[in-house]
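Let's take a guided walk through a protein structure together. Keep the picture in view and pause at each stop along the way.

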Amino acid sequence: MPLAALFTGTAHAQVDLAGLNGTVSDPSGSRVLAAHITATQTATGLHRDTVSSATGTYDIPNLPIGSYRLTISAPGFQDHIYDNLQLTVGHTSTIDVRLGIASAPQVVTVEDTQADFDKSSDALDARTEPAQLKQLPLNGRNWSTLTALVPGAVDTGGSNQRTIRFAGKGLDDNAVTLDGIDATNVVNQAQQPFVRVAIPIDSIAEFQIDTMLFTAEKGVSPGGQIAVVTKTGSNQLHGSLFEYLRNDIFDARQPDDTFDASKPPFRLNQFGGSLGGPIVHDRSFYFFAYEGLRQTLGQTLPGFVPTDTFKAQVAAASPALVPVLNAYPKGTLPVTGSTQIAEFVGSGRQLDHEDSAILRLDQHFSQRNSAFLRFSFDAAVSDAPLSEGGSYLNDRQQISSRPVNGELEFLHIFSPTLINETRFGFNRGNVYTTNQSALNLATAVAVSGFTTLANNEYKVGVGNTFSYIDNLTLVHNTQTFKVGVEVRRIQLNQGNTANGTATFSSTASFLANSVSSASYANALPTNGLRKTEVYSYAQDEWKLRPNLTFNLGVRYTFFNLFHEVFGKAVPFDFATCGPQGFCGAGASFGNPNTLDIDPRVSFTWSPLALRNNTVLRGGFGLYHGDGQLDDQNLPTNNEVGQYSLSLKSTPALAFPITPFLNGPGTVSARDDDRTRKDSYFTEWGLSVQQALPSHFVNTLSYVGSKGTYLLTTSYVNLIDPATGLRPYPAFGQIQWRGNINNSSYQALVDGLQRNFTHGLLVRANYTWSHEIDQDAAGGGDSDYPQNPACLPCERASGDFDVRQVFSANVVYDLPFGPGRTYLSPSASAPFGQRAAAAVLGNWTISPIVTDRTGLPVNVTEDRSSSSVATGYTTSQRPNIVPGVSLTPPGGHRISGWINPAAFTLVTGSGYGDAPRNIARGPSLWQADLALSKIIPLKELAQLEFRGEFFNLFNRAQYGLPLADVSTSTFGQIIATVNTGPVGTGTPRQVQFALRLRF
């Protein structure tokens, strides 16, 4: 799939539209004034006209994507016609024309002559082509899988929106738009992992991903900009019906029987179809698509539980813990070196059910006015085992999500050089989560060495965004000016039942019923947060010479702050509200930032001395972000009682914890920095693109970024070691959230590409990078520090730093059959030749290969709050043993990936000296393959058969090792990188499909 580089040069096509520009000259090379240029869309008859300027340049912005015929004519010159010109999402194609003196028009087939090497200003964006969406294997029919193939992308294993990050930034720095309208999950940007077809795949015409250095017109966030464009109807009735089937009978067993001795049952059925066509020829069009999914997957559940002997000891010593002991399932296997911990290997089942539909209506009122109306809806439900740090017991989680998205767009052409586009949009993301715990209590129980027993909890999260967008484009001679504004109203409704956690720092403390630390929050009624955000930009793209273009732009963003509609929210902040902490119901959440101004500049230059076969691009810019909306709701949590307890402050702390609530120094809150700054990234880059023989293009890029004011999660009001008291004795330990972290990212990227030409498409990308941060790469991903008083001590390789990533994909039409190089017999050919052509012809092969180095592993230890001077025990790390390798004797094994002899537990009341993310997990590579055959039925209909093979070589894809050095299971790998039915890490799976197209 996509593409050649992280770096996007200048561009002036809308994120879901396309554009054409170029220079018209005569045989001598002189510029042709007032040449007439017409672009006509093949499917709908839409056409746009313009004339060349005094310098021979022309520009047709804001064109719907699709196939076009481009006609250039001038008095006294031969007409020049380009057929089958494919305009792709967010991309401006540059077609320079030298007119000849002749009477007959010259018709050019674009596939043969158009530049695979495009000298336009935005040739390095990452985008799909229609052939890719049709041909590449999609595991679970989730289009998000393809976004992992973008240079700079890091997929932690699930191959969905929640596992893929771009260019060293946080997950919630990403933005997803559907036809230019917000299409995120709102509460947080990524859709739930089980939501695969919120946008039905058959409705996607293309999508584009800008990972870095996009221009001022793009970017409501600093991360990956994922722009999806839907299909439209046309003058010809067209549609499809499809069925995708999987069954475990065709699948392989896990390559390593350590995880699964038998093959779990698996059934997957995805089905649907689409229909599009005219309502009124050349005027009105419709397109409808539906996709459904039904899935059942058996799952092995690995976890750690008390042995029967230890259960009896705990029951005798601490009868209050008997309900907890009864919630643990019986152990299955012994754990070497431990008489207290057994391994549990159970079986569970994942159930997924999803229905998604989309309807789009397009209207061409005239050549100057057009509009479309689109509405999409998805209903997805998941019922699956509940994971705790990669291990499982018998707890389950039910989640339902119903994304909704709608849009009304109106495009008005005042003149060939002045165009206005207006959009109104609505987006809804809602998630309802129910934890079904075997413990059946509001308080979870975490014991060092055992898998955590989850609590019973119900959470509701509903987010709506209402958008108004207006963009104005003016073309004047060699310059294209753009200005635009978006006003986005955000609604966020959230609530949950009572919940808490009791933590035991060791099996000995569990035996004695001595709780190290605990937290508890009363039930939070659903509340309503509201805010209005404003984005605006101004941009000038100046073609200084036909081979040199500059883009100068500035973007202004006002993210604003939430307020609660009924004034119930209670901000808490010692720094601004004094020793009482609570600022009072209805108080402001803080002071909004009003000076988020982002200048952006870039250039594109194709040196004439290099025969226009080389393009240099460079750029620099600032990119502000709002992070995750779910990180901005802390004041609503303070509407109800919250408590933080520790053995340090409450020496008798035991389970159950409820009798200890409201004791001295137990009242807690969630402290949101009311003076926080909006996060931003400073980015820079340079790329060299070179045309190669056989339609190949190679791009070598360097990019860098510096993140400032990034998300920070920590704790305040810790015990002062000198006095043994908290600074504010009325309170316990207080969770704090602000934006004071930073990061850096450097990458060298090499990309090789060949657009789909003569039946072959190739994409290959290699990224060598390093991301360093201080507990957060951006928005939405933040760790708690070991020592809240020393945040700089956390600086290390980020959690999602992958040093090397390679991906490659190919779409190849095998050269056999009618219309191809071999076995293309005439109608009068012998039957044998025609039969061979029918059987062996019209096959396409589409492999994908991905390879990456391992993710960082943060080695931790469990400590009792009574043993730490500050009483703070989160994210504690051990001491390192100088000179001892992290690699165990004999090398890395799944039974021992990290050498325990390299660490010692901390003694005394200080902190460990092991750096954060000191170790690395296993590397990962995988190959997928699709084979498809087209069977013509009639002149306008065809049947496609597909077979798709995921993890073709059935390679074991190991997850991260257990990293708690306090336990006897330290360093073991107990699961694959992905425990679900789709994405990286599954054993070899086979999927079959039939599709009827007409």
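The paragraphs below visit a helix, a core, some aromatic rings, some charged pairs and a few unusual spots in the backbone. Keep in mind that this is a predicted model.

Let's begin with helix α3, which covers residues 308-317. Which of its residues are buried? Phe310, Lys311 and Val314 are. Looking down the axis of α3, you would find these buried residues within an arc of 105°, so they line one face of the helix. A general rule helps here: an α-helix has 3.6 residues a turn, so residues three or four places apart point the same way. On the other side of α3, Thr309 and Ala316 are exposed. And what lies over the buried residues? The cover includes β19 (284-306), α4 (322-327) and α5 (507-511).

From the helix, move on to the largest nonpolar core, which has 38 residues. The members that touch the most other members are Val324, Tyr328, Val445, Leu453, Phe504, Phe510 and Phe655. Take Leu453 as an example: leaving aside residues up to four places away in sequence, its contacts include Val324, Tyr328, Leu393 and Val445. Some of the core's names come back in an aromatic cluster, which is made up of Phe310, Tyr328, Phe450, Phe504 and Phe510. You have met Phe310 before, as a buried residue of α3.

Aromatic rings deserve a stop of their own. A pair of aromatic rings is described by the distance of the centres and the angle of the planes. How many aromatic pairs does the structure hold? There are 26. One of them joins Phe214 and Tyr623 edge-to-face, with 4.9 Å from centre to centre and 75° between the planes. This pair links distant parts of the chain, since Phe214 is in the loop between β15 (204-210) and β16 (225-230) while Tyr623 is in strand β35 (residues 614-625), 409 residues apart. Phe214 counts as buried, at 1% relative accessibility, and Tyr623 counts as buried at 2%. Another edge-to-face pair is formed by Phe572 and Phe731, with centres 5.4 Å apart and planes at 80°. Phe572 lies in the loop between β33 (563-564) and α6 (574-577), and Phe731 in the loop between β40 (697-716) and β41 (734-757), so this pair ties together parts that are 159 residues apart in sequence. Both Phe572 and Phe731 are buried.

Next come the charges. Side chains of opposite charge can pair when their charged atoms come close. A search of the whole structure turns up 34 salt bridges. In one of them, Asp783 meets Arg916 at 3.6 Å, N to O. Asp783 belongs to the loop between β42 (760-773) and β43 (796-797), and Arg916 to the loop between β48 (903-904) and β49 (919-920), so the pair ties together parts that are 133 residues apart in sequence. Are these two buried or exposed? Asp783 is partly exposed, with a relative accessible area of 24%, whereas Arg916 is buried, at 3%. Another salt bridge brings together Glu794 and Arg877, at 3.1 Å from N to O. Glu794 sits in the loop between β42 and β43 and Arg877 in the loop between β46 (856-857) and β47 (879-880), so this bridge ties together parts that are 83 residues apart in sequence. Both Glu794 and Arg877 are buried.

Now look for Arg360. Its salt bridge with Asp362 has its closest N and O atoms 2.8 Å apart, and both residues are buried. They belong to a network of salt bridges that also links Asp179, Arg374, Glu407, Glu421 and Arg423. Arg360 also lies over the face of Phe372, at 3.8 Å from the ring centre.

The last stop is the backbone. Most residues other than glycine have a negative phi, and most peptide bonds are trans. Where is there a cis peptide bond? One joins Phe655 and Pro656, with omega about 0°, and Pro656 is found in the loop between β36 (642-646) and β37 (667-668). Ser159 has a positive phi, near 55°, and is found in the loop between β11 (153-155) and β12 (164-166). Val186 has a positive phi too, of about 70°, and is buried, with a relative accessible area of 3%.

Conventions. Residues numbered from 1 in each chain as written. Heavy atoms only, no water. Buried < 20%, exposed > 50% of the residue type's maximum accessible area, 1.4 Å probe, protein only. Helix = DSSP H or I, 4+ residues; strand = E, 2+ residues; numbered from the N terminus. Arc of directions from axis to C-beta. Contact = heavy atoms within 4.5 Å. Salt bridge = Lys/Arg side-chain N within 4 Å of Asp/Glu carboxyl O. Core = buried A, V, L, I, M, F, W, Y, C linked by side-chain atoms within 4.5 Å. Phe/Tyr/Trp six-rings, centres within 6.5 Å; stacked < 30°, edge-to-face > 60°. Lys NZ or Arg CZ within 6 Å of the ring centre and 35° of its normal.
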